[in-house]
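Dear colleague,

I am handing over the structure below, and after it I set out what was found in it. Please keep it open while you read, so that you can look up each part as it is named.

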Amino acid sequence: MSRPAHILIVEDNRLVAKFYRMALERAGGFTCHVTENVAEMLELVREGHVHLAIVDVSLSGSEWEGRLLDGVEVTKMLKTAAPSRLPVLLATAHAMAGDRERLLAASGADGYLEKPIYESEVLVASVRKLIG
Amino acid sequence: MAETFLQEMKRYVGFSGEDAQLLRTLGPHLEKYFPELAERFYSQIPHHPNAFRVFTGGHAQIARLKQTLQNWARGLFTGVYDEAYSTDRFQIGYRHVRIGLDQKYVISAMGIVRSFLSECLLLEFPASDERLRYARSLNRMLDLDLNLMCESYMHATVDNLRSLNEQLERANTELAEASRSKDEFLAQTSHELRTPLNSILGFTKLMLDGLATSPDEQRELLEDVYHSAQLLLGIVNDILDIGRIEAGKVSLHLETLNPRHILDSTLPLVAVQAATKRLELRDETLGTKLPQVLADEVRLRQVMLNLLNNAVKFTERGTIIVRAAVHAVNGQQFLRFEVEDTGIGIPRERQGAVFEKFVSAHPAQSRRQGGSGLGLTISRKLVELMGGDIGLASGGANRGTNVWFTVPLAAART
């Protein structure tokens, strides 16, 4: 692989974000940026630095215009802000099957990661599949 | 005006004012047969297999009922068959339905009365013309009576079913409510459990796959795994606790305790974390003699530790102060513990709700720190089980929180 792919990780749990980052960076070919800050992630996306975003569906620290956003709203904003098509993986801890389709449809995300995810290969494969 | 049921039935059985007159003159002739009627009627009843399921008062009750039956028979011949009479008959039906007496027994009882009174007429009136007139009036009146009784049974049964139905609906609503809150509990706890599990499995797998190479990095990951496992253990314990508490299966071991030991064994457990956050942890009870309390040692420590942990968790700078003082409520003496912090406080509108399951004044903070979301709920139940009370005060957002709870003094109980 030539240039590394930049992955934006939007996740409010420090350890979960750390796992994503390590799994991807150790697999090779990825650099990661972890943030909950909406302004920061929008800027990164707008500048075209992000090749894929992993967004957790339940967020607790992502405020925008005085309101807490969830992963569905963040996904929509990132997709709108991106200059070219930005693939998004929505991470859901909702174990219910019906929820997943509803969340994917509502957010426009390209795929989902079902938490708990602890097999780094699964994570890496899901990301690679979307980046192509 | 609409016809009443009584008027309708009188028309149906052909009962007239003339019948009423005749019955009034018939009454005194038959009076002497009433004891025998009562006797014949109730002598059979105790032989019925179901008798004492209904007549739970046994033979004494049946003796009383013989008198009641004579009065009832007398009532048939007053010559007044008005709305009050009808109401009286209705009440009999309601009474019978209430004690579980089946309608079929009353119909057969009316049959016994009818044939007995016919025999009386045969004995009393040899002239067949007179006898026939009386018999006709008597039969119409008994038809009327039977109709009133049957109608009253139907009404009473419908009323019964209606109230039974309402009870069932209420029970149903309560069950649905309970089932919904169980579902919510399950969804919420499975989410809380998965979060630390995620880190434990993820990091150990990374290490097993040989993706963490340097000893420093391996140590760091092991620390993450260790803390996540501790968090997981705490959550599992809380879930088991709340389950036991809600099932009423918590048994307390109440004993006389020195509160000093409780403070000395809990404060050091949060001291390290407080120091890491540069918080001052001040024990204002030091140097004062605290009276002994009557409590469960393990549970009292659990409550104290929970409040201390919350204070450290939700305070970024400043001080955490622990106080204890004797406090009387309605003449009973308690020791009142207080944990006060200078942390993020609790907005007024959430102050009442934080003792509920999974309700946090600061969902963002709580999520980041992890936890079962059950700590204050468990603390409240435990304090209440030990005979005390718990509450909190906060000046509002960013103005600190003061959580207090009481436990009875050992001397306050005998």
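Let us begin in chain A, where strand 1 (residues 5-10) and strand 3 (residues 52-56) pair in the parallel sense, with four bridges between them. Within this pairing, A:Leu8 has A:Ala53 of strand 3 of chain A standing opposite. Please bear in mind throughout that this is a predicted model.

Those two strands belong to an open sheet of five strands in chain A, whose order is 2-1-3-6-7 and whose pairing is parallel. At the edges of this sheet stand strand 2 (30-34) and strand 7 (111-114) of chain A, each of which has a single partner strand, so one side of each is left without a neighbour in the sheet. Neighbouring strands of the sheet are turned against each other by 25 degrees on average, if direction is ignored. Helix 1 (residues 14-27) of chain A lies across strand 1, strand 2 and strand 3 of chain A, and its direction makes an angle of about 165 degrees with strand 2 of chain A.

Chain B, to which we now turn, contains 13 helices and seven strands. Of its 414 residues, 29% are buried. Among the contacts in chain B with a separation of 6 or more, 76% are between residues that are 24 or more positions apart.

Chain B also has an open sheet of five strands, in the order 2-4-5-7-6, and here the pairing is mixed. Strand 2 (280-283) and strand 6 (390-394) of chain B are the edge strands, and because each has a single partner strand, one side of each is left without a neighbour in the sheet. From one strand to the next, the twist averages 20 degrees. Strand 2 of chain B runs parallel to strand 4 (residues 319-329) of chain B, to which four bridges join it, and B:Asp283 has B:Val322, in strand 4 of chain B, as its bridge partner. Lying across strand 4, strand 5 (332-341) and strand 7 (401-408) of chain B is helix 11 (residues 297-313) of chain B, which runs at about 25 degrees to strand 5 of chain B.

A helix that repays a slower look is helix 6 (residues 83-99) of chain B, which has 17 residues and reaches 25 Å from its first C-alpha to its last, close to the 24 Å expected at 1.5 Å a residue. Which residues of helix 6 of chain B are buried? They are B:Ser86, B:Arg89, B:Gly93 and B:Val97. Seen down the axis of helix 6 of chain B, these buried residues fall within an arc of 85 degrees, so they line one face of the helix. On the other side of helix 6 of chain B, exposed residues are found, namely B:Ala84, B:Thr87, B:Gln91, B:Arg95, B:Arg98 and B:Ile99. The cover over the buried residues of helix 6 of chain B includes helix 1 (5-13) and helix 8 (128-208) of chain B. After helix 6 of chain B comes B:Gly100, whose phi is positive, near 85 degrees.

Finally, the two chains meet, with 20 residues of chain B in contact with 17 residues of chain A. On the side of chain B that touches chain A, helix 8, helix 9 (215-246) and helix 12 (363-369) of chain B are the elements that give two or more residues, and helix 8 of chain B gives the largest share, twelve residues. By kind, the residues of this side of chain B divide into seven nonpolar, seven polar and six charged.

With best wishes

Conventions. Residues numbered from 1 in each chain as written. Chains lettered and ligands numbered in written order. Predicted model: local features only at pLDDT ≥ 70, side-chain atom pairs only at ≥ 80, totals over all residues. Expected span 1.5 Å × (residues − 1). Buried ≥ 20, exposed ≤ 12 C-beta atoms within 10 Å, placed from the backbone. Arc of directions from axis to C-beta. Contact = placed C-beta atoms within 7 Å. Nonpolar A, V, L, I, M, F, W, Y, C, P; charged D, E, K, R; others polar. Pairing = 2+ DSSP bridges. Axes fitted to C-alpha atoms, helices over the stretch in contact; angles between N-to-C directions.
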